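Please open the model in your viewer, show the side chains as sticks, and keep the selection tool ready. We will move from one stop to the next, each time choosing something to select and then looking at what is there.

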Amino acid sequence: MHFGLTEEQKLLQETLRSFVATECPPPRLRERFEAGRGNEPALWKGLSEMGVTGLVVPEAYGGAGLELLEGSLVAEQMGAGALPAPFLGHVLACIALNLAGSSAQKERWLPALASGASLGSVALAEEGDAWDPESWRLRADGGPLRGRKRHVPAGVDADLIVVGTAGGGLALVSRGAGVVAEPEAGLDRTRPVATLRFEGAACEPLAAAPGASARLRDAGLVLCAADAFGAAWQLVQMTVAYAKSRQQFGQPIAGFQAVKHQLADMATQIEPARGLFWYAAHAWDHLPDEAPRAAAIAKHHLTERAAEVARSAVELHGGLGFTWECDVQIWMKRALFDRAFLGAPAHHRARCAAMGGW
């Protein structure tokens, strides 16, 4: 049995890694982080030309027709580069249409989403940190949509929003009359979120095949886990490089045993967990009975570990690590976003326990 990536998958990551290094090096990332836009048109255009915007869209609609594993490999590189791009919400909107859209809905929206001409997102969270389909209360009974959704990725800019509705339903809402977007003061300035108020907005229910909304949630868990892994591994590498260059008592601090132990702990917390999001992504496409638990495990473990790695990175950068001027904060806030989005680790540990009959 082969547990590694294919040559094509490695090439996908290498290509994206090169794109990030060229188009968003640290000085340019810092400028974009401070601007807080999170949707740089030039970056999004470049990603569109690479096929990232249509990665999981079927070939019949102009996409690459790849699986969630490839999507998660891209998410890993997004996290590693802290790329200010609306990838998460966009790819989830594409997945939602794949899962539950009618032929007419797919023909109308997927080509535009695949090309990057239209930007998609998902509106799932409600008051009280209600992320799961069974917790949604916003009603869409064939009439205008009224209510509120929180923490919507790229909610200000999205052209198409897939909205979670009461009973585990999904509905399409186009940006326009009846939709008011209010930016939220989120931590991760590379991925701004918004509260959306629906004031009589026209909506179009998706056919919502049984379990589509839960499958959409699980795909989001895998993508958050992958992004968190990428951010955490980048923090490990940044901190090792800093420890080798920072001098104290006439020698690099990397030579001190206590620092060595902390660096080793950071690496051993995160690197062995890489297979969690690989397996969860594979299960999502090929092992439906195992997919919900695998996704929840990947989300709760990887995002928790990424947050711990981020805290250690701040500590090892000393007084500098706690400042706005230190780039560590960019990846730390990335990891904290992944930890919170779609539910905190404790919530998904409880779900894992319930699925295991505990």
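Begin by selecting Glu304, which counts as buried because its relative accessible area is 13%, and the cut-off for that word is under 20%. Bear in mind, here and at every later stop, that you are looking at a predicted model. Glu304 has its place in helix α10, and if you leave aside its neighbours within four places in sequence, you will find it in contact with Lys299, Arg339, Pro345 and Arg349.

Next, select α12, residues 328–340. Its 13 residues should span 18 Å at 1.5 Å a residue, and the end C-alpha atoms are 19 Å apart, so expectation and model agree. Colour the buried residues of this helix, which are Val328, Gln329, Ile330, Trp331, Lys333, Arg334, Ala335, Phe337 and Asp338. Then display what covers them, which includes α2 (26–35), α4, α5, β6 (193–201), α7 and α10. Before leaving, step past the end of the helix to Leu342, which follows α12 and has a positive phi, near 70 degrees.

From here, turn to Phe87, which lies in helix α5. Is Phe87 buried or exposed? With a relative accessible area of 5%, Phe87 is buried. Not counting residues up to four places away in sequence, Phe87 touches Trp44, Val52, Gly71, Val74, Ala75 and Met78. For a sense of distance, you can also select Arg30, since Phe87 and Arg30 are 57 residues apart in sequence and 19 Å apart in space, taken from C-alpha to C-alpha.

Now look for empty space inside the model. Rolling a probe the size of a water molecule over the atoms shows where empty space is left. How many cavities of 30 Å³ or more does the structure hold? There are 2 of them, and the largest has a volume of about 90 Å³. Of the 15 residues that line this largest cavity, select the ones closest to its centre, namely Ala85, Pro86, Pro153, Ala154 and Arg191. Helix α5, residues 87–100, gives the most to this lining, with 3 residues. Sorted by class, the lining of the largest cavity has 8 nonpolar, 4 polar and 3 charged residues.

The second largest cavity holds about 80 Å³ of space. Select its lining, where you will meet Phe87 again, together with Ala75, Met78, Ala85, Leu88, Arg191, Leu223, Cys224, Asp227, Arg334 and Asp338. The elements that each give two or more residues to this lining are α4 (68–81), α5, α7 (212–245) and α12, and α7 gives the most, with 3 residues. The lining of the second largest cavity divides into 7 nonpolar, no polar and 4 charged residues.

For the last stop, select helix α8, residues 257–270, whose 14 residues should span 20 Å at 1.5 Å a residue, in agreement with end C-alpha atoms that are 20 Å apart. In α8, the buried residues are Val259, Leu263, Met266, Gln269 and Ile270. They cover an arc of only 130 degrees around the axis, and therefore they sit on the same side of α8. Among the elements covering these buried residues are α7, α9 (274–286) and α10. Finally, rotate the view to the face of α8 turned away from its buried side, where the exposed residues Gln257, His261 and Thr268 are found.

How values were computed. Residues are numbered from 1 along each chain as its sequence is written. Side-chain values use heavy atoms; hydrogens and water are left out. On a 1 Å grid over the protein atoms alone, a cavity is a set of points where a 1.4 Å probe fits but cannot get out, and a pocket is an open set with protein on both sides within 12 Å along at least five of seven lines; lining residues have an atom within 4 Å of a point. Grid points are joined across faces, edges and corners, and a volume is the space filled by probe spheres set on the points. Helices (H or I, at least four residues) and strands (E, at least two) are DSSP runs, numbered from the N terminus. Ala, Val, Leu, Ile, Met, Phe, Trp, Tyr, Cys and Pro count as nonpolar, Asp, Glu, Lys and Arg as charged, and the others, Gly among them, as polar. The expected span of a helix is 1.5 Å times one less than its number of residues. Buried means under 20% relative accessible area, exposed over 50%, partly exposed in between (1.4 Å probe, protein chains only). The arc is that of the directions from the helix axis to the C-beta atoms. Contact means heavy atoms within 4.5 Å.
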